[in-house]
Amino acid sequence: MSIFRLFNKPRSAPLARERLQVLLSHERCSMDKDLVSLLREEILAVIAKHVQVDADKVQIKMDRGEHVSILEIDIEIPRDAEVLAA
Amino acid sequence: MGKVIVVTSGKGGVGKTTSTAALGAALAQRNEKVAVVDFDVGLRNLDLIMGAERRVVYDIVNVIQGDAKLPQALIRDKRLDNLFLLPASQTRDKDALTPEGVEQVMNDLKRYFDWIICDSPAGIERGATLAMRHADVAVVVTNPEVSSVRDSDRIIGMLDSKTLKAERGERMEKHLLLTRYDSNRAERGDMLKVEDVLEILSIPLLGIIPESMDVLRASNIGAPVTIADARSAPAMAYFDAARRLAGENVPISIPGEKRGIFGKIFGRKAA
């Protein structure tokens with residue numbers, strides 16, 4: 001590390017503050033059951049009713065933001081499962 | 001009737017035991033009768049910080065199980081006549097504390113003492129919930145660091161729901177004690193500032209304890225920092241906090257160790 005960078009490290013406290021504010025705003029309103037986790041479970045249950053879902057073929061991503069959260073569920077449905085359901 | 005204070009934090013290692021001992025000794029120096037109670041069954045340490053580790057005969061579990069009377073288990077401080085310690089058990093597991101037993105001990109202590117200060121174990125399990133259960137006032141010990149602030153937020157939620165006061169629909173009085181604060185680092189933007197933590201946790205501030213070598217020195221010799229070195233910066237901050245607990249209106253000051261050019265070079269106080 002150059003001596004120049006040593007004196008120019010970005011301030012980390014503002015980031016700590018922002019991360020805490022976002023995190024705690026979620027944890028406070030969802031101590032019992034987090035809405036996003038609830039949705040994830042129910043959506044997967046509905047899909048499992050119709051299609052045999054391979055747990056390895058399901059990708060779930062969550063991004064909790066200050067104003068909106070994004071729940072991304074990516075499920076691979078095999079062709080033969082579609083035929084069976086029809 | 002005495003007032004029950006719980007010193008709690010959720011996270012371990014932030015200074016609960018140090019603060020319990022320091023506040024207890026500070027209140028006792030105001031000529032009030034104080035009992036400090038260790039709730040950390042299995043991992044007791046308040047005896048060590050108070051310098052009474054070699055005088056423990058009975059503990060809170062013995063009292064609850066009827067093996068000893070409360071006055072037999074209380075250890076009087078050698079330096080302050082009106083400061084007493086009720087140690088935790090070192091050998092039992094945390095289930096040895098029963099809600100009924102703790103209630104009985106608390107009611108008895110309240111009759112004899114002006115202040116009962118309960119040193120909570122870390123975590124959110126039985127020991128921690130029993131330590132806060134009978135409290136009138138909570139001191140939430142927090143370091144200016146993300147994981148400590150998060151855990152304090154969780155503990156504040158529990159204080160508002162799982163205590164007798166909360167169950168009776170009363171408001172639990174909660175105070176923030178910010179420990180290990182380094183005003184230089186906060187000023188440089190490398191540490192959360194007092195205002196940041198206050199804004200996030202939104203409970204009133206009881207005091208700011210500066211990061212200091214004096215705290216470790218006090219624990220090395222087995223004395224609360226408010227006895228070991230009453231003129232040190234952390235001791236003075238604890239004395240102020242104790243006065244605020246007792247209802248005095250003491251303006252908050254941020255303990256900033258002003259560093260001269262020598263201090264900056266050698267990384268310690270120039271004085």
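How many salt bridges does a search of the whole structure find over all chains? The count is 20, where a salt bridge is a side-chain nitrogen of Lys or Arg within 4 Å of a carboxyl oxygen of Asp or Glu. A few notes from my read-through follow.

1. Ground rules. This is a predicted model, so to speak plainly: local features need pLDDT of at least 70, side-chain atom pairs count only at pLDDT 80 or more, and totals for chains, interfaces and linings use all residues. Residues are numbered from 1 along each chain as its sequence is written, chains are lettered from A and ligands numbered from 1 in the order in which they are written, and side-chain values use heavy atoms, with hydrogens and water left out.

2. Confidence in chain A. The average pLDDT (the predictor's confidence in each residue, from 0 to 100) is 77 for chain A, and 78% of the residues score at least 70. Among the elements of chain A, helix α2 (residues 13-29) has the highest mean, 87, and helix α1 (residues 3-6) the lowest, 59. Helices here are DSSP runs of H or I with at least four residues, strands are E runs of at least two, and both are numbered from the N terminus.

3. A helical pair in chain B. Asp108(B) and Arg111(B) make a salt bridge, 2.8 Å from N to O. Both sit in helix α5 (residues 99-112) of chain B, and because they are 3 residues apart there, about one helical turn separates them. Asp108(B) is buried at 18% relative accessible area, whereas Arg111(B) is exposed at 57%. The cut-offs are under 20% for buried, over 50% for exposed and partly exposed in between, with a 1.4 Å probe and protein chains only.

4. Two links between distant parts of chain B. Glu167(B) and Arg133(B) form a salt bridge with their closest N and O atoms 2.9 Å apart. That pair connects helix α8 (residues 164-167), home of Glu167(B), with helix α6 (residues 126-133), home of Arg133(B), across 34 residues. Arg133(B) is partly exposed at 21%. In the other link, the side chains of Asp160(B) and Lys174(B) meet at 2.8 Å, N to O, in a salt bridge. Here the loop between α7 (146-159) and α8 holds Asp160(B), strand β7 (residues 173-181) holds Lys174(B), and the two are 14 residues apart. Asp160(B) is partly exposed at 40%, while Lys174(B) is buried at 11%.

5. A network. Shared partners in salt bridges tie Arg30(B), Glu32(B), Asp240(B), Arg243(B) and Glu248(B) into one network.

6. Surface patches on chain A. Asp54(A), Asp56(A), Asp74(A) and Glu76(A) form a negative patch. Patch members have over 30% relative accessible area and no salt bridge; like charges are joined within 9 Å, and nonpolar side chains (Val, Leu, Ile, Met, Phe, Trp, Tyr) within 5 Å. Glu76(A) sits in the loop between β2 (69-75) and α4 (79-85) of chain A and is exposed at 52%. A nonpolar surface patch is made of Leu35(A), Leu38(A), Leu39(A) and Ile43(A), with about 320 Å² of accessible area together. One of these, Leu39(A), lies in helix α3 (residues 35-50) of chain A and is partly exposed at 39%.

7. One distance to look at. Asn220(B) belongs to helix α11 (residues 213-221) of chain B and is exposed at 60%. Its C-alpha atom is 41 Å from that of Glu167(B), with the two positions 53 residues apart along the chain.

Key:
Areas by Shrake-Rupley, 256 points an atom, 1.4 Å probe, with all protein chains shown as cover. Lys, Arg positive; Asp, Glu negative; His and termini not counted. Charge placed at Lys NZ, Arg CZ, Asp CG, Glu CD.
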